[in-house]
Amino acid sequence: MNDGADAVGADAVRKVDPSGDVEATFWDGCSRREFWLQHCTACDAWQFYPRSLCSHCWAPTSELEWRRPAGGAVLESFSVVHRGSGPFADYAPYVVALVRFDEGPIMMSNVVGDVEGLAIGDRLELDFAERAGRVVPVFTRAGKLS
Amino acid sequence: MSANQGPPVYISGSAQEIVGRGRPAPAYLNLLAAAAADAVADAGLDRAAIDGLVLSSSIPQPFERNPAEVAEYLGLGAAYTAMAPYGGRPATDVLHLARSAVRAGLATNVLVLSADTFATTLGLEGAIDLYMKSFDASYERPFGPLIPTAFALMAARHVHDYGTSMEQLARVAVSIRKHGLLNPHTEVSGELTVRSVVDDVLVSTPLTRSMLALISTGGAQGFVVTRERVDRRSVALLGYGEASAFMSLSQAPSLVHFAHIRRAADLALRQADAELTDVDFVQFYDPATIVPLILLESIGFCGPGEGGAFVEDGAIEIGGRLPMNTHGGTLAFRHPGMGAALDSVVEAVTQLRGEAGPRQVRDAGLGLVHGQGSWLANNGFLILGSS
């Protein structure tokens with residue numbers, strides 16, 4: 001999936017740069033099809049979206065690290081959008097979802113691929129999709145190819 | 001600590017500017033000025049008595065004029081001025097700000113103004129696009145949620161967890177439409193049936209178009225909040241509670257039940273020394289029919305998951321045990337923008353004065369008004385009582 005020279009293993013850990021922009025770091029990872037989730041070494045909690053402190057225990061940036069989630073998730077809720085607005089008009093109907101990583105945090109994303117019979121509680125797997133020159137994290141149903 | 005937080009202040013003047021469905025709204029300042037003049041006239045006060053101004057932001061013109069500029073435009077002279085300019089507000093907050101100014105001795109008679117030219121300024125597509133910017137630019141908008149999608153995600157989970165039916169989601173729209181048709185200024189026409197609502201075009205599953213708020217071209221509201229009761233038409237502002245708990249839906253502790261809603265409502269009730277059973281009617285912000293169900297449950301009018309059954313027998317209709325949105329709300333009156341919750345305040349005042357005509361709730365003595373910012377993220381509850 002990752003063909004670059006800077007490919008990193010799934011168990012890689014990176015420090016969070018105290019002077020860096022965590023939002024830029026997150027999307028930079030996505031552009032290489034790597035999803036980096038923040039983990040707090042002080043309280044052992046995960047958080048999404050990324051921040052410059054731990055929202056659970058207020059540990060400073062120096063206590064945070066970037067880790068790669070295993071990629072498994074559960075569908076918390078979803079809606080099929082039938083009328084996209086602006087750039088999304090071409091994608092309708094599409095699935096907007098709230099997805100819970102096995103590590104705990106929830107994110108908004110899309111479920112792509114075969115969504116026939118999609119149901120809350122379904123197992124999902126992290127994937128990436130390219131849209132208008134940008135790589136965004138999406139999910140597919142576990143065991144189904146996108 | 002005493003439950004009651006001091007003597008009430010009064011909403012002695014109340015006004016609503018009507019634009020009409022599809023008609024272009026007058027200029028923003030024209031609407032504001034009309035609301036000011038009508039509210040002061042309704043209070044029966046001389047404009048020289050006004051010594052404060054609280055301005056609500058609008059959606060398309062959040063910073064068009066600061067409140068001192070508006071006070072100057074209106075020729076108020078020396079006055080306390082404040083504005084609630086931020087996004088994600090419950091909109092009911094401006095009455096609280098006026099009450100606070102009166103109680104702090106900063107002013108005696110405070111004008112509260114709100115105007116929106118929403119779809120007039122932006123067009124329908126522009127209004128939808130601006131609304132979508134409510135979602136987080138980095139972590140939500142890349143996935144294309146419409147505003148209805150936020151409520152759809154709640155509705156889908158509510159259906160999953162509690163077995164709430166499409167018919168129950170539709171019933172809210174049917175009941176509130178009946179009220180809208182009793183309002184001479186409604187922007188809708190024709191009755192709805194459960195079947196027509198369920199069979200309407202899907203916008204964001206499970207929600208159909210008839211389960212969602214209107215988008216209006218504009219409107220305005222004005223109030224005069226006074227330290228003293230002016231006359232029997234003065235309505236007492238007995239309590240206000242507000243709480244936010246998240247902004248991004250991914251950060252919400254639940255999609256179907258919200259402790260911060262209960263907290264905000266309880267704060268307002270305690271200030272008013274009132275119980276839920278004392279409430280004669282509610283005016284809930286109703287951007288989607290799932291919202292009233294969640295509010296009924298989270299406030300405690302019924303248990304978790306019981307909202308669908310609560311509305312099935314017409315309980316929320318005028319004559320029912322808890323009349324809701326007696327003016328039609330945003331589902332069946334209008335949605336002018338940020339001032340939608342202030343239309344609810346106008347209606348509550350009208351009900352408590354006994355001036356609601358064919359839609360009057362009998363013996364209306366105490367009303368609960370809800371305002372909401374960004375998909376139940378932030379909620380502000382007012383308790384108003386007849387004097």
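Modeller: Two residues are in contact if their C-beta atoms, placed from the backbone, lie within 7 Å. Keep that in mind as we go through this predicted model. Among contacts in chain A between residues at least 6 apart in sequence, 51% join residues at least 24 apart.

Colleague: Thanks! What makes chain A as compact as a globular protein of that length?

Modeller: First, its make-up: chain A has 1 helix and 9 strands, in the order β-α-β-β-β-β-β-β-β-β from the N terminus. For 146 residues the globule rule gives 15 Å, and the radius of gyration of chain A is 16 Å, close to that value, so chain A is as compact as a globular protein of that length. Along the principal axes, its C-alpha trace spans about 45 × 30 × 30 Å.

Colleague: What share of chain A is buried?

Modeller: Buried residues account for 31% of the 146 residues. A residue earns that name because 20 or more other C-beta atoms lie within 10 Å of its own.

Colleague: What makes one face of strand β4 of chain A covered and the other uncovered?

Modeller: Look at the residues on each side: A:Leu64 and A:Trp66 form the covered face, while A:Glu65 and A:Arg67 form the uncovered one.

Colleague: How do you know that β4(A) pairs with strand β1 and strand β2 of chain A?

Modeller: Two strands pair if DSSP finds at least two bridges between them. β1(A), residues 13-15, has 3 bridges to β4(A), and β2(A), residues 37-40, has 4, so each meets the cut-off of two. Both pairings are antiparallel. A:Arg14 is bridged to A:Trp66, and A:His39 to A:Glu65.

Colleague: On to chain B. Why is strand β4 of chain B called mostly covered?

Modeller: In this strand, residues 109-116, 8 of the 8 residues are buried. Both faces are covered: B:Asn109, B:Leu111, B:Leu113 and B:Ala115 are buried on one side, and B:Val110, B:Val112, B:Ser114 and B:Asp116 on the other.

Colleague: Which strands does β4(B) pair with, and in which sense?

Modeller: With β2(B), residues 52-56, β4(B) pairs in the parallel sense over 4 bridges, and B:Leu53 has B:Leu111 as its bridge partner. With β7(B), residues 219-226, β4(B) runs antiparallel over 8 bridges, where B:Ser114 stands opposite B:Gln221.

Colleague: How do you know that the span of helix α6 of chain B agrees with what is expected?

Modeller: The 15 residues of α6(B), 166-180, should span 21 Å at 1.5 Å a residue, and the end C-alpha atoms are 21 Å apart, so the two agree. The helix is also mostly covered, with 12 of its 15 residues buried, including B:Leu169, B:Val172 and B:Ile176. Those buried residues pack against α5, α7, α9, α10 and α11 of chain B.

Colleague: What about helix α12 of chain B?

Modeller: This helix has 13 residues, 340-352, and reaches 19 Å from its first C-alpha to its last, close to the expected 18 Å. Here 13 of the 13 residues are buried. B:Gly354, which follows the helix, has a positive phi, near 75 degrees.

Colleague: Finally, how many residues does each chain bring to the contact?

Modeller: Chain B brings 24 residues and chain A brings 25. On the chain B side, α4, α5 and β5 each supply at least two residues, and α5(B) gives the largest share, 6 residues. By class, that side has 14 nonpolar, 7 polar and 3 charged residues.

Key. Residues are numbered from 1 along each chain as its sequence is written. Chains are lettered from A and ligands numbered from 1 in the order in which they are written. This is a predicted model: local features need pLDDT of at least 70, side-chain atom pairs count only at pLDDT 80 or more; totals for chains, interfaces and linings use all residues. The expected span of a helix is 1.5 Å times one less than its number of residues. Ala, Val, Leu, Ile, Met, Phe, Trp, Tyr, Cys and Pro count as nonpolar, Asp, Glu, Lys and Arg as charged, and the others, Gly among them, as polar. The radius of gyration is taken over C-alpha atoms; the globule rule is 2.2 Å times the number of residues to the power 0.38.
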